[in-house]
Amino acid sequence: MSPLQTPLAIFNSIFFAALLFLWLSPLPSIMAFTPSSIPSLLCCRCRRSSTALPSSSSTPQQMDTTAPTSSIPVIQRDILVIGGGSAGLTAAKFAATFSKTVSLIESSKVGGDCTWTGCIPSKTLLSAAKKCWSWRCFNNQYGISNDGKEEDEMLRNMLQDVKKQIDDNRKLIYDKDDSPEALTKLGIDLVEGRASFVDAKTLDVMSSESDGMMTTSCRLEAKYGIVIATGAAPKDISKDIAGLDNVPYWTYENVWNEFFSSIEEDINMMVSQKRVIVVGGGPIGCELSQAINRLGCSVTLVASSRLLPREELEASEELQ
């Protein structure tokens, strides 16, 4: 999530909380909530995530579709939430404040994009990159060090520190707000697995066995309804860009680790010689380009039209 998206995110949270408040009376319906798709980063477009509900484009998996028997536990809750990202966590925590019993179903890491690939790592990177840029400007102006090798070593040390800051901040947020222990204290039950609808208020949770089969681990029944907050994931567009399937590339999900790993691996290449191409002129593409450049690398930003095409023209012209 970029700074430009923050007001919209706040509005979405308030709007969603208001809807959930109105929804906490018995209604014979399902409330479905799916967050807006995340803007493209590098060469990314978004689709519904496969972490909770399988989409029609998902790779088929073997599933045991046999109806649950008496050996499979049936758990009754007031509200069920599919997806443990920022939207799902907000829904679950908000419902818990009204003393409602809640089960949160997630098949991957709780916290979603915000904790692991969005807000926390991106804002940590932007903050650290600004400090690095200030040091480089000060160094160039006053000539503290004219030794290229010495400057490169200092940049590498800074990059290692930035990576550590990102990892530490993600762990801090996860332990404090998103971990199973933190959710349990709030009265939220975390169920690991993939959700499958039985009817409007019933879910089967599928878990993976050692042989790759998906089997039903439990059945969940909701008194009021089910919140769908499955989020988004990078779309495979290797066929949309000629030659992309023949080269390695990063997305907003792995850039935080792959970028720093590439710096560490290229020990014979100075940081200032590292070249990165960012495809996509949206908010995330722009902020990532700026951050990587401030960390000492050369960046080329490729956009199909003007920068920030969804924002005011003045903002695009200012960045241009």
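**Close-up views of a predicted model**

**View 1. Strands E6 and E7 run antiparallel and pair over 5 bridges.** The model shown here and in the views below is a predicted one. Strand E6 covers residues 194-199, and a hairpin of 2 residues joins E6 to E7. Within this pairing, Arg194 stands opposite Met206 in E7. Strand E7 (residues 202-208) also pairs with strand E8 (residues 214-228), again in the antiparallel sense, over 7 bridges. There, Asp204 stands opposite Arg219 in E8. Of the 7 residues of E7, 6 are buried, so this strand is largely enclosed by the rest of the structure. In a regular strand, side chains alternate between the two faces of the sheet.

**View 2. Helix H5 has 31 residues and reaches 43 Å from its first C-alpha to its last.** That span is close to the 45 Å expected at 1.5 Å a residue. The buried residues of H5 are Asp152, Leu155, Arg156, Leu159, Val162, Lys163, Ile166, Arg170 and Asp178. An α-helix has 3.6 residues a turn, so residues three or four places apart point the same way. The elements against which the buried residues of H5 pack are helix H2 (86-96), H3, helix H4 (119-142), helix H6 (180-185) and helix H7 (255-265).

**View 3. Leu295 sits in the loop between helix H8 (283-294) and strand E11 (298-302).** With a relative accessible area of 1%, Leu295 is buried. Leaving aside neighbours within four places in sequence, the contacts of Leu295 include Leu155, Leu159 and Val162, which are also among the buried residues of H5. Leu125, Ala129, Cys132, Arg136, Phe259 and Val271 are in contact with Leu295 as well. Arg156, another buried residue of H5, is 139 residues from Leu295 in sequence, yet the two C-alpha atoms are 9.2 Å apart.

**View 4. Trp116 and Tyr174 form one of 4 aromatic pairs.** The ring centres of Trp116 and Tyr174 are 5.5 Å apart and the planes meet at 50 degrees, so the pair is tilted. Trp116 belongs to helix H3 (residues 112-116) and Tyr174 to helix H5 (residues 148-178), so the pair ties together parts that are 58 residues apart in sequence. Trp116 counts as buried because its relative accessibility is 18%, under the 20% limit. Tyr174, at 21%, counts as partly exposed. The ring of Trp116 has a further partner: the charged end of Lys109 sits over this ring, 4.5 Å from its centre.

**View 5. Ring pairs link Trp250, Phe259 and Phe260 into a cluster.** The rings of Phe259 and Phe260 have centres 5.1 Å apart and planes at 65 degrees, so this pair is edge-to-face. Phe259 and Phe260 are both buried. Phe259 is also one of the residues in contact with Leu295, the loop residue of View 3.

**View 6. The structure holds 0 disulfides.** For Cys137, the closest cysteine sulfur is that of Cys132, and the distance of 9.6 Å is too far for a bond. Cys137 has a relative accessibility of 33% and counts as partly exposed. Cys286, at 14%, counts as buried. Cys132 appears in View 3 too, among the residues in contact with Leu295.

Conventions: Residues are numbered from 1 along each chain as its sequence is written. This is a predicted model: local features need pLDDT of at least 70, side-chain atom pairs count only at pLDDT 80 or more; totals for chains, interfaces and linings use all residues. Side-chain values use heavy atoms; hydrogens and water are left out. Helices (H or I, at least four residues) and strands (E, at least two) are DSSP runs, numbered from the N terminus. Buried means under 20% relative accessible area, exposed over 50%, partly exposed in between (1.4 Å probe, protein chains only). Contact means heavy atoms within 4.5 Å. Two strands pair if DSSP finds at least two bridges between them. Rings of Phe, Tyr and Trp (its six-membered ring) pair if their centres lie within 6.5 Å; planes under 30 degrees apart count as stacked, over 60 as edge-to-face and the rest as tilted. A charge sits over a ring if NZ of Lys or CZ of Arg is within 6 Å of the ring centre and within 35 degrees of the ring normal. A disulfide is a pair of cysteine sulfur atoms within 2.5 Å. The expected span of a helix is 1.5 Å times one less than its number of residues.
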